[in-house]
2 protein chains.
Amino acid sequence: MKTDPDDIEIQEPFARSMATASRMWRRHLDLRFRDLDLSQARWNVLFELSRNEEVTQIELAHRLGIEAATLVRLLDGLEGAGLIERRPSATDRRAKTLHLTEVASPLIVRMKKISATSRAEILEGISLEDLRIATKVLSGIAARLEVLNNGQNG
Amino acid sequence: MKTDPDDIEIQEPFARSMATASRMWRRHLDLRFRDLDLSQARWNVLFELSRNEEVTQIELAHRLGIEAATLVRLLDGLEGAGLIERRPSATDRRAKTLHLTEVASPLIVRMKKISATSRAEILEGISLEDLRIATKVLSGIAARLEVLNNGQNG
DNA sequence: CCATATTAATTAGCTCTACAACTATTGGCA
DNA sequence: TGCCAATAGTTGTAGAGCTAATTAATATGG
């Protein structure tokens with residue numbers, strides 16, 4: 001499998017700018033959410049739950065693209081803050097289903113606004129077409145890495 | 001500053017796929033580097049040093065886009081492994097300059113190969129043009145976030 | 001129907017990252 | 001010149017992510 005010299009020139013900067021942009025983006029949102037005593041990671045959990053409640057932890061972890069063990073701590077925090085509830089699953093006594101509390105609802109509305117405003121601010125000036133292409137590239141990479149990473153263990 | 005409804009539809013998936021792709025990419029490289037007792041973060045330090053030795057920690061941190069405090073721990077590990085050296089700066093007694101050891105050289109060659117192979121494997125099938133656009137988008141975002149994040153404190 | 005493998009959630013322990021606070025040194029300016 | 005700001009490096013602490021191992025429950029195969 002030969003690789004073009006041209007490819008090499010572009011691949012390294014791509015990987016680097018992706019890592020940097022991603023780290024800075026998270027930091028940016030963490031700063032924005034600090035007043036609300038929340039982080040970007042916890043916000044993602046709430047957001048995903050607001051789109052799809054009553055899922056199990058495994059399922060939610062998969063949707064978020066993180067490990068179940070990572071999710072456990074995030075849920076501990078959110079449960080402690082009274083924003084979510086774990087309830088025993090009706091069909092599987094090992095599993096728990098996740099639910100937003102009434103306290104969470106107004107918070108989620110606020111966070112969605114902050115989140116959308118930040119995104120627009122960050123992405124301002126980037127053409128829709130470029131953004132579509134970048135999204136296609138990134139989600140393609142994620143899909144490919146899912147295969148590659150899982151192909152190693154099982 | 002009004003935002004198009006169209007924009008909103010695409011901005012959220014973009015942010016999500018960037019975060020996911022970035023996390024999975026790091027994990028992938030960490031797995032690849034595990035045999036060498038190194039991580040992606042440490043590899044980045046070595047790689048940047050191999051392009052530009054004799055820099056100070058502050059300067060290196062800036063090139064890597066990470067905080068100086070973060071770099072300190074990475075350098076501790078690399079120094080402990082005998083891969084780098086901190087030497088007092090000749091011109092500023094506060095500062096230290098960084099240098100690769102002879103032990104590091106062959107390792108860096110191997111890591112460059114692993115790194116390039118992985119990148120090619122992950123990015124295979126993505127057109128050069130799309131990759132260029134994605135890189136442009138991502139580095140633009142990083143630059144914008146640099147301004148936005150620093151505009152907050154100083 | 002029972003033994004074994006698999007799965008859901010958790011805990012323990014690690015790395016990387018960030019912020020805040022601290023020390024030592026430098027640089028600017030009055 | 002001498003005092004105060006700023007800067008380089010460090011340490012402490014905390015969050016987010018990972019792997020590995022544990023526990024309880026479910027599925028499967030003989």
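1. A polar contact here is a pair of N or O atoms within 3.5 Å; inside the protein, one of them must be able to donate a hydrogen and the other to accept it. With that in hand, the two protein chains can be introduced: 10 residue pairs, both members at pLDDT 80 or more, are in polar contact between chain A and chain B. Please keep in mind as you read that this is a predicted model.

2. A quick tour of one chain may help. Chain A has six helices and two strands, and along the sequence they come in the pattern α-α-α-α-β-β-α-α. Its C-alpha atoms fill a box of roughly 55 × 40 × 25 Å along the principal axes.

3. Now to the meeting of the two chains. On chain A, 61 residues are in contact with 61 residues of chain B. Between them the chains bury about 5800 Å², and 63% of this is on carbon and sulfur atoms. In chain A, the residues that lose the most area to chain B are Arg16(A), Met24(A) and Asn149(A), which together make up 10% of what that side buries.

4. Which helices of chain A each supply at least two residues of the side that touches chain B? They are α1 (5-33), α2 (40-51), α3 (57-64), α5 (104-123) and α6 (128-153). Helix α1(A) gives the most, with 23 residues. Sorted by class, this side of chain A has 28 nonpolar, 13 polar and 20 charged residues.

5. Charged side chains also pair up across the interface. There are eight salt bridges between chain A and chain B, while the structure holds 26 over all chains. One to look up joins the side chains of Glu48(A) and Arg16(B), at 2.6 Å from N to O. Another is formed by Arg51(B) and Glu12(A), at 4.0 Å from N to O. The latter pair crosses from helix α2 of chain B, which holds Arg51(B), to helix α1 of chain A, which holds Glu12(A).

6. How is chain A laid on chain B? A turn of 180 degrees with a shift of 0.0 Å along the axis does it, with an RMSD of 0.1 Å. This is the relation of a two-fold axis. Among the residues of chain A, Ala134(A) comes closest to the rotation axis, its C-alpha lying at 2.2 Å. The interface fits this picture: 100% of the interface residues of chain A are also interface residues in chain B, so the copies meet through the same surface.

7. On to the DNA, beginning with strand C. It has 24 residues around it, and those that come nearest are Arg27(A), Gln57(A), Ile58(A), Arg94(A) and Ser39(B). Of the atoms of DNA strand C within 4 Å of the protein, 72% belong to sugar or phosphate and the rest to bases. A polar side-chain atom of Arg94(A) lies 2.5 Å from a base oxygen of this strand. For Lys96(A), an N or O atom of the side chain is 2.8 Å from a phosphate oxygen of DNA strand C. Chain B takes part through its backbone too, with an N or O atom of Arg93(B) lying 3.1 Å from a phosphate oxygen of DNA strand C.

8. The surface near DNA strand C draws on both chains. The elements that give two or more residues to it are α1, α3 and α4 of chain A, together with α2 (40-51) and α4 of chain B. By class, this surface has eight nonpolar, four polar and 12 charged residues.

9. DNA strand D is surrounded by 24 residues, the closest being Ser39(A), Arg27(B), Ile58(B), Arg94(B) and Lys96(B). Sugar or phosphate accounts for 71% of the strand's atoms within 4 Å of the protein, and bases for the rest. Three arginines of chain B are worth finding in the viewer. Arg27(B) has a side-chain N or O atom 2.7 Å from a phosphate oxygen of DNA strand D, and Arg86(B) has one 3.2 Å from a phosphate oxygen of that strand. Arg73(B), in turn, places a polar side-chain atom 2.9 Å from a base nitrogen of DNA strand D.

10. What elements give two or more residues to the surface near DNA strand D? They are α4 (68-80) of chain A, along with α1 (5-33), α3 (57-64) and α4 (68-80) of chain B. The residues of this surface divide into eight nonpolar, four polar and 12 charged.

Definitions and conventions. Residues are numbered from 1 along each chain as its sequence is written. Chains are lettered from A and ligands numbered from 1 in the order in which they are written. This is a predicted model: local features need pLDDT of at least 70, side-chain atom pairs count only at pLDDT 80 or more; totals for chains, interfaces and linings use all residues. Side-chain values use heavy atoms; hydrogens and water are left out. Contact means heavy atoms within 4.5 Å. Buried area is the accessible area (1.4 Å probe) that two parts lose on being put together, summed over both. Helices (H or I, at least four residues) and strands (E, at least two) are DSSP runs, numbered from the N terminus. Ala, Val, Leu, Ile, Met, Phe, Trp, Tyr, Cys and Pro count as nonpolar, Asp, Glu, Lys and Arg as charged, and the others, Gly among them, as polar. A residue is near a molecule or strand if one of its heavy atoms lies within 4 Å of it. Copies are superposed by least squares on the C-alpha atoms of residues with pLDDT of at least 70 in both.
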